[in-house]
Amino acid sequence: MDFQSGSVRPVGSIEEGWNIIKNDYWTFFAMTLVAIVILVVAAMILGFVNNIITIGISATLGIATADAGDAGKMSAAILPQVISLFISIFTNIIVATMSGILFCGIYTALARKKRGEVADFSDLFAGFQKIMPCFIVALFVALIQSVIAFITLFGGAAVGVSALGIGVLAKDGKLNPAAFGGLFLVIIVLLVFTLIANLLVSVFTAFVYPLISEHNLSGGQALMLSVKSGLANFGGLLLLYILLFLMALVGALVCLVGVLFVAPIISAAMFAAYQSVFGRVQDFYQHTPPPPPNFGNQPGY
């Protein structure tokens, strides 16, 4: 598939997204609200199951190692947490897959609205036909985010050990300004790294779900094409994500409820950005040629 480079206009995408949904705003609001509720409930249920399994394993190991030495008791304390970490990875993949499915449904409704058709609430569940591609995308994104989290945790652990070695507190119990300043700076660097890394993942996967929804691409194909088009429109997408983050932040400041009203506009803005990258290419190649000249009306005929 062909795509345009440098065609994402951050402010223009938000305006175009609003123009797409403004006549059916409450339909998209209801779809977004139901999608959020489904994801929150699913995450809570999976988290509860994870906690039950962890508590059960911890209690069983606690009884089994009641008469064991310190090494056995330490292993019994650590093992349930390790198991819980692995379970949480799988539960995150499940929630991310469901999120992708629901996003595909919302983008299906946005595409219908863009074509001049009527968006229907039932479009939200159209993405269930794309379970496998969404699962592949969720698996890939979860892997990348796990690597980012591992780097951050490893860096934080290294900083903690270094802080103990250097001594943030002096012998008299007062703070060591140099050591504390260095520790604070490293923590800021780790936080900035995490933020930038996750922002890059968002930019490179910005068009995955619209591609799956509209063109029935596999998860791998959608990822590769999204990464290529994301690189070709990097600056515009980065600014768009920053603007959308600020919109969501302003919404969150209104007793958190404002986020629900901003969320449909965010989805529509991302779809408008996708249309600017992929939709115009199709319009360019599918234009109607001009009619041939009528030579009979010219002198000499």
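**Note on an all-helical predicted model**

1. At 57% relative accessibility, asparagine 216 falls in the exposed class. The coordinates under review are a predicted model. Asparagine 216 sits in the loop that connects helix 6 to helix 7 (219-232), and its position is just after helix 6. The backbone of asparagine 216 has a positive phi of about 55 degrees, although the residue is not a glycine. Most residues other than glycine have a negative phi. A reader who checks backbone torsions may therefore wish to know where this residue stands with respect to solvent: asparagine 216 is exposed, at 57% relative accessibility.

2. Helix 6 itself presents another picture. How many of the 8 residues of helix 6 are buried? The count is 6 of the 8, so helix 6 is largely enclosed by the rest of the structure. The buried residues of helix 6 are Val208, Tyr209, Pro210, Leu211, Ile212 and Ser213. Helix 6 (208-215) also supplies at least two residues to the lining of the largest pocket.

3. As to the overall architecture, the protein contains 9 helices and 0 strands. Read from the N terminus, the order of elements is α-α-α-α-α-α-α-α-α. Of the 301 residues, 36% count as buried. The accessible surface amounts to about 17500 Å², and 73% of this surface belongs to carbon and sulfur atoms. Among contacts between residues at least 6 apart in sequence, 78% join residues at least 24 apart.

4. The largest pocket has a volume of about 1700 Å³. Of the 45 residues in its lining, those closest to the pocket centre are Ser99, Phe103, Val141, Gln145 and Ser202. By residue class, the lining divides into 34 nonpolar and 11 polar residues, with no charged residue. A colleague preparing this site for calculation should note that the absence of charged residues refers to the lining of the largest pocket.

5. Which helices each supply at least two residues of this lining? They are helix 2 (25-64), helix 3 (70-114), helix 4 (131-166), helix 5 (177-204), helix 6 (208-215), helix 8 (234-253) and helix 9 (258-285). Helix 3 gives the most, with 12 residues.

6. The cysteines call for a separate remark. The structure holds 0 disulfides. Cysteine 104 is in no disulfide, and its nearest cysteine sulfur, that of cysteine 134, lies 3.8 Å away. Likewise, cysteine 134 is in no disulfide, with the sulfur of cysteine 104 as the nearest cysteine sulfur, 3.8 Å away. Why is this pair not counted as a disulfide? The assignment requires the two sulfur atoms to be within 2.5 Å, and the separation here is 3.8 Å, so the pair does not qualify. Are these cysteines buried or exposed? Cysteine 104 is buried, with a relative accessible area of 1%, and cysteine 134 is buried at 0% relative accessibility.

7. Two residues illustrate how helices 4 and 5 are placed. Phenylalanine 193 belongs to helix 5 and is partly exposed, with a relative accessible area of 32%. Once neighbours within four places in sequence are set aside, phenylalanine 193 is in contact with Ile148, Ile151 and Thr152. The C-alpha atoms of phenylalanine 193 and isoleucine 151 are 9.5 Å apart in space, while the two residues are 42 residues apart in sequence. Isoleucine 144, a residue of helix 4, is partly exposed as well, with a relative accessible area of 29%. Its C-alpha atom is 9.0 Å from that of asparagine 198, and 54 residues separate the two positions in sequence.

8. The segment before helix 1 (10-21) contains serine 5. At 55% relative accessibility, serine 5 counts as exposed. Which residues does serine 5 touch, not counting residues up to four places away in sequence? Serine 5 touches Ala232 and Asn233. The C-alpha atoms of serine 5 and phenylalanine 234 are separated by 9.0 Å, although the two residues are 229 residues apart along the chain.

Note on methods:
Residues are numbered from 1 along each chain as its sequence is written. This is a predicted model: local features need pLDDT of at least 70, side-chain atom pairs count only at pLDDT 80 or more; totals for chains, interfaces and linings use all residues. Side-chain values use heavy atoms; hydrogens and water are left out. Buried means under 20% relative accessible area, exposed over 50%, partly exposed in between (1.4 Å probe, protein chains only). Helices (H or I, at least four residues) and strands (E, at least two) are DSSP runs, numbered from the N terminus. Contact means heavy atoms within 4.5 Å. Accessible areas come from the Shrake-Rupley method with a 1.4 Å probe; for residues, only the protein chains shown count as cover. On a 1 Å grid over the protein atoms alone, a cavity is a set of points where a 1.4 Å probe fits but cannot get out, and a pocket is an open set with protein on both sides within 12 Å along at least five of seven lines; lining residues have an atom within 4 Å of a point. Grid points are joined across faces, edges and corners, and a volume is the space filled by probe spheres set on the points. Ala, Val, Leu, Ile, Met, Phe, Trp, Tyr, Cys and Pro count as nonpolar, Asp, Glu, Lys and Arg as charged, and the others, Gly among them, as polar.
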